[in-house]
Number of protein chains: 2
Amino acid sequence: METLSTAEENYLKAIFKICESEDKPASTNAIAHELTMTPAAVSDMLKRLSSKELVHYKRHRGVTLTDSGEQLATALIRKHRLWEVFLCDVLDFSWDEVHEIAEQLEHIQSDQLIKRLDAFLGQPKFDPHGDPIPDADGKFAKRKQLQLVALEVGEVGVVVGVLEHSAAFLQYLDKMQLGLGVQVEVLEVYEFDNSMRIALENLQELTISSKVSENLLVQKQA
Amino acid sequence: METLSTAEENYLKAIFKICESEDKPASTNAIAHELTMTPAAVSDMLKRLSSKELVHYKRHRGVTLTDSGEQLATALIRKHRLWEVFLCDVLDFSWDEVHEIAEQLEHIQSDQLIKRLDAFLGQPKFDPHGDPIPDADGKFAKRKQLQLVALEVGEVGVVVGVLEHSAAFLQYLDKMQLGLGVQVEVLEVYEFDNSMRIALENLQELTISSKVSENLLVQKQA
DNA sequence: TAATATTTTTAAGTTAACTTAAAAATATTT
DNA sequence: AAATATTTTTAAGTTAACTTAAAAATATTA
């Protein structure tokens with residue numbers, strides 16, 4: 001199989017992401033939105049990807065990835081997340097700075113490079129945002145996690161990930177000292193707007209909006 | 001200034017390389033040969049680069065880089081060579097494996113990334129092949145080096161670089177234990193074919209062709 | 001279910017970066 | 001300097017990956 005263009009790779013990633021989160025075929029519009037392109041461009045590309053057997057595509061029915069398409073998509077995610085670990089752990093970038101750079105690095109073509117990078121980093125299983133890094137066979141680590149918003153008053157959880165990856169959100173979390181690994185206890189929930197009062201392990205208390213508690217993933221503590 | 005395409009960047013590097021080694025404007029043919037493309041494609045691109053003021057170009061007269069073109073070219077060389085150091089020193093690649101990968105990595109756009117990579121690597125001044133790494137201002141380290149072929153019988157030198165970068169040559173050097181830093185003494189020169197008998201610091205003796213001694217750079221020892 | 005709205009596709013056009021083939025400019029040789 | 005060879009440019013065509021605009025298919029709503 002010849003090697004894919006950066007554009008083709010980006011489509012595979014977008015389709016994977018959409019199919020995963022919505023659990024159904026990706027629509028032309030959704031892909032166009034994800035990649036900030038016109039639906040016409042997407043239609044165009046879907047034909048090409050289909051002829052390369054990377055997607056299952058029937059006009060007007062949306063697309064899903066074929067096995068080989070999915071393999072390529074997860075390999076890209078693996079590369080992206082490994083590079084993010086490198087940027088944070090080795091080059092000392094903060095978690096809100098690494099996405100755009102990893103977006104470029106993920107397209108570097110060299111199996112050896114990824115194999116060695118992975119070994120050098122100690123085969124990390126999660127990236128700096130807590131997202132799982134698929135292994136060389138494309139398998140994602142599973143974790144029993146839930147949104148912070150799902151915790152009841154009195155329950156305790158440890159932050160393990162985020163659902164929103166914007167720099168603004170990540171910087172907000174930094175400011176609030178709500179990074180990965182931090183333990184939080186739910187003190188109170190105000191049903192008016194579903195905002196939440198929580199206590200951090202450093203005894204600090206703070207109030208967060210539902211937008212925040214919905215986008216924070218925690219592991220419930222016994 | 002908007003960011004350049006990979007193609008444009010490759011032209012700048014090619015022009016820099018040719019102008020540097022021949023010390024005169026780069027011809028269309030030479031560029032085409034360097035990039036394995038047709039002269040027509042080069043003519044085409046030279047117009048674009050010229051309109052962006054990256055090259056001085058007058059039809060039929062060859063091209064040279066403008067100041068800003070040269071700055072971009074040396075920045076690319078800097079990136080390429082820093083990545084080569086990373087690949088060899090950190091990820092344990094051998095010096096004959098790194099060129100193609102660095103060829104991709106050099107196009108990653110992020111000043112911060114290079115700044116941090118450079119710091120992480122300890123601001124190296126030479127890449128794994130002994131080529132100087134320009135500093136952030138584009139200045140190359142100078143070194144009083146000469147071709148091994150220029151040494152007289154009885155003289156001693158330390159290998160500091162290569163003029164030929166093919167994997168075949170580099171692997172040959174590995175096999176002969178003629179890597180960077182190795183001290184060699186010229187024992188005898190056979191004027192018939194200019195081949196050379198040399199002694200390594202490990203007392204091993206070997207005979208090398210003029211092709212080899214011409215492509216090895218040494219620093220003469222007192 | 002007919003009318004309307006939305007989504008998707010097709011059609012036609014653009015741009016970057018190539019190609020081949022022909023024309024034009026420059027160099028070399030006699 | 002004329003004839004020939006070489007180099008460079010121009011012209012025309014291709015492909016990937018987009019765009020806008022129009023047409024067609026599917027969904028939604030009254």
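Visitor: Among contacts in chain A between residues at least 6 apart in sequence, what share joins residues at least 24 apart?
Guide: That comes to 56%. Keep in mind that this is a predicted model.

Visitor: Okay, and what is chain A built from in terms of secondary structure?
Guide: You'll find eight helices and eight strands in chain A. Its C-alpha atoms fill a box of roughly 55 × 40 × 30 Å along the principal axes.

Visitor: How much of chain A counts as buried?
Guide: 33% of its 222 residues.

Visitor: Switching to the two chains: what rotation superposes chain A on chain B?
Guide: A rotation of 180°, with 0.0 Å of shift along the axis and an RMSD of 0.1 Å. The two copies are therefore related as by a two-fold rotation axis.

Visitor: Which C-alpha of chain A is nearest that axis?
Guide: The one of Leu105(A), which sits 3.7 Å from the axis.

Visitor: And what surface do the copies use to touch?
Guide: The same surface serves both, as 100% of the contact residues of chain A recur in chain B.

Visitor: Now the DNA. Which residues come nearest to strand D?
Guide: Out of 22 residues around DNA strand D, the nearest are Ser5(A), Ala40(A), Ser27(B), Asn29(B) and Ala40(B).

Visitor: Which helices supply at least two residues each there?
Guide: From chain A, helix H1 (6–22) and helix H3 (39–51) do. From chain B, helix H2 (28–34) and helix H3 (39–51) do too.

Visitor: How do the residues of that surface divide by type?
Guide: Near DNA strand D there are eight nonpolar residues, nine polar ones and five charged ones.

How values were computed. Residues are numbered from 1 along each chain as its sequence is written. Chains are lettered from A and ligands numbered from 1 in the order in which they are written. This is a predicted model: local features need pLDDT of at least 70, side-chain atom pairs count only at pLDDT 80 or more; totals for chains, interfaces and linings use all residues. A residue is near a molecule or strand if its C-beta atom, placed from the backbone, lies within 6 Å of it. Helices (H or I, at least four residues) and strands (E, at least two) are DSSP runs, numbered from the N terminus. Ala, Val, Leu, Ile, Met, Phe, Trp, Tyr, Cys and Pro count as nonpolar, Asp, Glu, Lys and Arg as charged, and the others, Gly among them, as polar. Copies are superposed by least squares on the C-alpha atoms of residues with pLDDT of at least 70 in both. Two residues are in contact if their C-beta atoms, placed from the backbone, lie within 7 Å. A residue is buried if 20 or more other C-beta atoms lie within 10 Å of its own, exposed if 12 or fewer, and partly exposed in between; C-beta atoms are placed from the backbone.
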